[in-house]
Amino acid sequence: PTLGAVGVELSRLPQLFRFIRRFDRCAVVAGKEWLRKASEVEGALIPGLTIKAFDLHQEAEASAWLEHG
């Protein structure tokens, strides 16, 4: 990403944090391993939010994890 794009995303952080506080977990379903890893790292950086990543064939597991932990 360009420096300008990073700046735009950083300017949205306060709004993002207000929105995220409504949730305690997030499931990311993605076919790319790097995206799943990046999502879980991001989850470690956001207080009060657990992000767990799943592969594309694990959609049912992701849904169950969201509903039941």
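Is D55 buried, partly exposed or exposed? D55 is partly exposed, at a relative accessible area of 24%; here buried means under 20% relative accessible area, exposed means over 50%, and partly exposed lies in between, with a 1.4 Å probe and protein chains only. Let's use this residue as our way into the structure, after a word on the model itself.

This is a predicted model, so local features need pLDDT of at least 70 and side-chain atom pairs count only at pLDDT 80 or more, while totals for chains, interfaces and linings use all residues. Residues are numbered from 1 along each chain as its sequence is written, and side-chain values use heavy atoms, leaving out hydrogens and water. The pLDDT, which is the predictor's confidence in each residue on a scale from 0 to 100, averages 85 over the protein, and 96% of the residues score at least 70. Among the elements (DSSP runs numbered from the N terminus, with helices being H or I of at least four residues and strands E of at least two), helix α4 (residues 59-68) has the highest mean pLDDT, 94. Helix α2 (residues 13-20) has the lowest, 72.

Back to D55. Its side chain meets that of R36 in a salt bridge, at 3.5 Å from N to O; the term stands for a side-chain nitrogen of Lys or Arg within 4 Å of a carboxyl oxygen of Asp or Glu. D55 lies in the loop between β2 (50-54) and α4, whereas R36 lies in helix α3, so this pair ties together parts that are 19 residues apart in sequence. Salt bridges with shared partners link D55, R36, E33 and K37 into one network.

We can follow that network along helix α3. R36 is buried, with a relative accessible area of 11%, and its side chain also forms a salt bridge with E33, at 2.5 Å from N to O. These two residues are three apart in helix α3, about one turn of the helix. E33 is partly exposed at 41% and has a further salt bridge to K37, at 3.6 Å from N to O. E33 and K37 are four residues apart in helix α3, again about one turn of the helix, and K37 is partly exposed, with 48% relative accessibility. By this rule, the count of salt bridges comes to four.

One more residue of helix α3 (residues 33-45) deserves a visit: S39. S39 is buried, with a relative accessible area of 8%. Setting aside neighbours within four places in sequence, S39 is in contact with V28 and I51, where contact means heavy atoms within 4.5 Å.
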